[in-house]
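Visitor: Hey, got a minute to walk me through this one? I have it open and would like to start with the charged pairs.

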Amino acid sequence: GETVSLKIHRPEAIAGATVTVHRALHEVPLGQRQRLTTLHLDIRCSLGEDFLIEVPAEADITRLTHFGQEIPVRREGSKLVIPLRPGEQLLSVGWKENLPLALRADNGAVGLPVESANIQSSLGVGEDRWVLWASGPRRGPAVRFWVILLTSLLTALALGRIPKSPLSSLQWMLLMIGLTQVPLWAAFTVIGWFFLLQWRGHERFQTLHWLGYNTSQVGLVALTATALGILLFAVSAGLLGNPKMFILGNGSTSTLLRWFQARSEGTSLPVCSCVSVSIWWYRFAMLLWALWLAISVLGWLGSAWKSFASGGFFRQRTRPAPKATILPPPTIPPLETSPLEKASPVPAPPSKGSEN
């Protein structure tokens, strides 16, 4: 008379994605007329299905590999259809676009069917471009040149307001623009050179001891040679080298900008961009600065020579004068009386009353 009651039910599946993109690498080297894009995806799939990647409609697919092996390309309009199988997938897609390089360039919009994580984006900028700005995810490159330039201009204004400053505020500002391309110690060396030349022409310099005077003259000659070498280096670096924009952040350089985002905002990959112009704009600006510097240096060296030559180039060692010997006054012996004066005494003169 025993009975058994059984209750059987099937657990309901929790809604979720069957495809996960846990790493994406989006690389775009910028060319003058063509833009090549490479996309690497590390995908984990629980069910076999088609994976759709949205690329620009005018893009020409140049490569599509699955675990390093070429697979056929199948497109539906602007979407690239890639068949997936269960398990881990390594996809690599490459395409090119005929786009001229403009003032602002980005890596283009790429859409995925699901959200992605650990996204690395990069823009390759050639050495013939002058990067002015970069924008994208927070963890990425920062162009620090503009902050350094603003600080240098404010410093120039402060130097120009110092009483009896060797240069005006405008001259300091123009000089600081070129000194942003040299190390900080070199810029301070040039600034110190101007103030030391001004001190050399002051009257207080003439009161120095001969040893301090000669040592200061030799040091001023060495400092002048160093300052002129720094200015020459700044001119040559501006006309022949690449501009230092002080780009740092996430391993970025002036020719390679890198961004990282932990998780995408939606199904699209982050759009990263930069503002750049031809390097010849920088060279032209540095040429104008070099011409101004050449004209100004001639005047500065004339004033420096007058200050350096005032009071003589070097001084001889001053020797103390010999001390004068003070002799005692000569002693005069007393006069001796003759025997005649001793024998005949001098008579006393007669008085007035004895004349009568």
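Guide: Sure. Let's start with R263, which counts as exposed because its relative accessibility is 52% and the cut-off for exposed is over 50%. Keep in mind that this is a predicted model.

Visitor: Okay, and what do the side chains of R263 and E115 do?

Guide: They meet in a salt bridge, 3.4 Å from N to O. The pair links distant parts of the chain: R263 is in strand β14 (residues 256-263), while E115 is in the loop between β9 and β10 (117-124), 148 residues apart.

Visitor: Is E115 buried, exposed or partly exposed?

Guide: Partly exposed, since E115 has 39% relative accessibility.

Visitor: How many salt bridges does a search of the whole structure find?

Guide: Five. Another one is between R35 and D106, where the closest N and O atoms are 3.8 Å apart. That pair also links distant parts of the chain, with R35 in strand β2 (residues 35-45) and D106 in strand β9 (residues 104-106), 71 residues apart.

Visitor: Why does R35 count as buried?

Guide: Because its relative accessibility is 10%, and buried means under 20%.

Visitor: Which residues do salt bridges that share partners join into one network?

Guide: R35, R104 and D106.

Visitor: What about R74, which side chain does it meet in a salt bridge?

Guide: That of D50, at 3.7 Å from N to O. Here R74 sits in strand β6 and D50 in strand β3, 24 residues apart, and again distant parts of the chain are linked. R74 is partly exposed at 39% relative accessibility, and D50 is partly exposed too, with a relative accessible area of 44%.

Visitor: In what order do β3, β6 and β7 come in their sheet?

Guide: The order is β3-β7-β6, in an open sheet of three strands with antiparallel pairing. β3 (50-54) and β6 (74-76) stand at the edges with a single partner strand each, so one side of each has no neighbour in the sheet. So the salt bridge between R74 and D50 joins residues of β6 and β3, the two edge strands.

Visitor: By how much are neighbouring strands of this sheet turned against each other?

Guide: By 35° on average, ignoring direction.

Visitor: And how many bridges are there between β3 and β7?

Guide: Five, in the antiparallel sense, with β7 covering residues 79-83. D50 turns up again here: its bridge partner in β7 is P83.

Visitor: Back to β9 for a second. Which open sheet has β9 in it?

Guide: One with three strands in the order β9-β15-β11, again with antiparallel pairing. β9 and β11 (129-135) are at the edges, each with a single partner strand, so one side of each is left without a neighbour in the sheet. The twist averages 30° from one strand to the next.

Visitor: How many bridges does β15 make with β9, and how many with β11?

Guide: β9 and β15 (residues 273-278) pair over three bridges, running antiparallel. β11 and β15, also antiparallel, are joined by six.

Visitor: Which residue in β15 does A105 stand opposite?

Guide: C274. And C274 is also the bridge partner of A134 in the pairing of β11 with β15.

Visitor: New topic: where does V125 lie, and is it buried or exposed?

Guide: V125 lies in the loop between β10 and β11. V125 is buried, with a relative accessible area of 6%. Its C-alpha atom is 6.5 Å from that of P29, although the two residues are 96 apart along the chain.

Visitor: Last thing, pockets. How much space lies in the largest pocket?

Guide: About 330 Å³. The lining has 16 residues, and those closest to the centre of the pocket are I148, S152, L179, L184 and A187.

Visitor: Which elements give two or more residues to that lining?

Guide: α1 (145-160), α2 (169-179) and α3 (184-200).

Visitor: And how do the residues of the lining divide into nonpolar, polar and charged?

Guide: There are 10 nonpolar residues, five polar ones and one charged.

Conventions: Residues numbered from 1 in each chain as written. Predicted model: local features only at pLDDT ≥ 70, side-chain atom pairs only at ≥ 80, totals over all residues. Heavy atoms only, no water. Pairing = 2+ DSSP bridges. Helix = DSSP H or I, 4+ residues; strand = E, 2+ residues; numbered from the N terminus. Axes fitted to C-alpha atoms, helices over the stretch in contact; angles between N-to-C directions. 1 Å grid on protein atoms, 1.4 Å probe; cavity = no way out; pocket = protein on both sides within 12 Å on 5 of 7 lines; lining within 4 Å. Points joined across faces, edges and corners; volume = space filled by probe spheres on them. Nonpolar A, V, L, I, M, F, W, Y, C, P; charged D, E, K, R; others polar. Salt bridge = Lys/Arg side-chain N within 4 Å of Asp/Glu carboxyl O. Buried < 20%, exposed > 50% of the residue type's maximum accessible area, 1.4 Å probe, protein only.
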